[in-house]
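Here are my notes on the model you sent over. Have the structure open while you read, and click on the residues as they come up.

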Amino acid sequence: MPSEDARSGPPDGRLFGFLVFAILLLAGSGLFALYFSNHESNRAMRESLESGRLLDEARQAQVEFKTQVQNWKNLLLRGQNPDDNARYRAAFEESLAAVQNRLRAVRENPVLDDDLHQRVDAALADHAALADVYRSALAGYSDVPSIFSVDSAVRGADQKINQQIDDIAAAIVTAHAEWIADIQSAGAARYQTLKMVTLAFTAGILILIGVVAWRSLRKNPRGG
């Protein structure tokens, strides 16, 4: 007839095996948690760098466009002398190219979403068309009396581009702030999940240790 110990539960060897398995599982889950946290932290850091670069490029596009407007004014006001005219025209063309390059850098950033991608494409196309308007107006530039007629040909034409670039930069600032908030929220959620899993495993191991100790005391109530 089976003994009372045999009927009371699994053999001590099997229970001890469960305990070892649980400890190994806890250690494995801890190592995985460390690996996963490190992986996610590195990914977040890479995306944060790209997001910061995107924001910087958008702001630089704003600066370059303001420089372009200033170079246009310099060309009209100080470009009567042939040498000065050539110098200011070169500076103006450089600023036109700089705006295009900055906007392309924004468009090519991997974290740019589809909506902003389309808006940057539109700004690039509108800016290229504006450059042609500027160059056509300059064909009528010859001396001081022509300054006002040349400037009137493009007056207000840059306002749309300026607003487009400002809106893109503002949208990127908002998206960057939302992205940071999402990263923080996801990190907090992961921490809570890992904490609950670790606590559950630890509680299970403590229970198993208690069961092993209890069974051991039942078999050897006086330590002998």
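Leaving aside neighbours within four places in sequence, which residues is Asp84 in contact with?

1. Let's settle that one to begin with. Keep in mind that this is a predicted model. Asp84 sits in helix 3, and, with its neighbours within four places set aside, Asp84 is in contact with Arg78 and Gly79. With a relative accessible area of 26%, Asp84 is partly exposed. You can also look across to Asn74: the C-alpha atoms of Asp84 and Asn74 are 9.7 Å apart, with their positions 10 residues apart along the chain.

2. Now zoom out. The protein has six helices and zero strands, so if you write the pattern along the sequence you get α-α-α-α-α-α. Of the 224 residues, 28% are buried. Take the contacts between residues at least 6 apart in sequence: 81% of them join residues at least 24 apart.

3. Next, how do the helices pack? Two packed helices are described by the angle between their axes and the distance between the axes. Try helix 3 and helix 4: their axes come within 9 Å and cross at roughly 170°. Anything over 145 degrees counts as roughly antiparallel, so helix 3 and helix 4 are roughly antiparallel to each other. On the helix 3 side, the residues making the contact include Phe92, Leu96, Val99 and Leu103, and helix 4 brings, among others, Val120, Leu124, His127 and Tyr134. Sorted by class, the contact of helix 3 with helix 4 has 12 nonpolar, three polar and six charged residues.

4. Stay with helix 4, but turn to helix 6. Helix 4 covers residues 114–138 and helix 6 covers residues 157–219, and their axes come within 10 Å, crossing at roughly 155°. That makes helix 4 and helix 6 roughly antiparallel too, and their crossing is left-handed. Among the helix 4 residues that meet helix 6 are Ala122, Ala123, Asp126 and Leu130, while the helix 6 side includes Ile161, Gln164, Ile168 and Ile172. The class count for the contact of helix 4 with helix 6 is 11 nonpolar, two polar and five charged residues.

5. Helix 5 is the other partner of helix 4 to check. The axes of helix 4 and helix 5 come within 9 Å and cross at roughly 160°, so this pair is roughly antiparallel. Here the crossing is right-handed. Val133, Tyr134, Ala137 and Leu138 from helix 4 meet Val150, Ala153 and Val154 from helix 5. The contact of helix 4 with helix 5 consists of seven nonpolar residues, with no polar and no charged ones.

6. Have a look at the core. In soluble globular proteins, nonpolar side chains tend to be buried together. In this model the largest nonpolar core has 35 residues, and Trp72, Leu103 and Ile172 touch the most other members. The elements giving two or more residues to this core are helix 2 (12–78), helix 3 (82–108), helix 4, helix 5 (147–154) and helix 6. Click on Leu103 and you should find Ala61, Val120, Ala123, Leu124 and Ile165 touching it, not counting residues up to four places away in sequence.

7. Is Gln68, in helix 2, buried or exposed? It's buried, with a relative accessible area of 0%. Neighbours within four places aside, Gln68 is in contact with Phe92, Ser95, Leu96, Val99, His127, Leu130 and Tyr134. The C-alpha atoms of Gln68 and Glu93 are separated by 8.3 Å, although the two are 25 residues apart along the chain.

8. Another glutamine is worth a click. Gln164 lies in helix 6, and its relative accessible area of 16% is under the 20% cut-off, so Gln164 counts as buried. Not counting residues up to four places away, Gln164 touches Ala122, Ala123 and Asp126.

9. Finish with Tyr134, which has its place in helix 4. Tyr134 counts as buried, at 1% relative accessibility. Setting aside residues up to four places away, Tyr134 touches Gln68, Trp72, Phe92, Val154 and Asp158. From Tyr134 to Asp151 is 9.0 Å, C-alpha to C-alpha, and the two are 17 residues apart in sequence.

Conventions. Residues are numbered from 1 along each chain as its sequence is written. This is a predicted model: local features need pLDDT of at least 70, side-chain atom pairs count only at pLDDT 80 or more; totals for chains, interfaces and linings use all residues. Side-chain values use heavy atoms; hydrogens and water are left out. Axes are lines fitted to C-alpha atoms, for helices over the stretch in contact, and angles run from 0 to 180 degrees between N-to-C directions. Angles under 35 degrees count as roughly parallel, over 145 as roughly antiparallel, 65 to 115 as roughly perpendicular and the rest as oblique. A crossing is left-handed if the near helix is turned anticlockwise from the far one by less than a right angle, and right-handed if clockwise. Contact means heavy atoms within 4.5 Å. Ala, Val, Leu, Ile, Met, Phe, Trp, Tyr, Cys and Pro count as nonpolar, Asp, Glu, Lys and Arg as charged, and the others, Gly among them, as polar. A nonpolar core is a set of buried Ala, Val, Leu, Ile, Met, Phe, Trp, Tyr and Cys residues joined through side-chain atoms within 4.5 Å. Buried means under 20% relative accessible area, exposed over 50%, partly exposed in between (1.4 Å probe, protein chains only).
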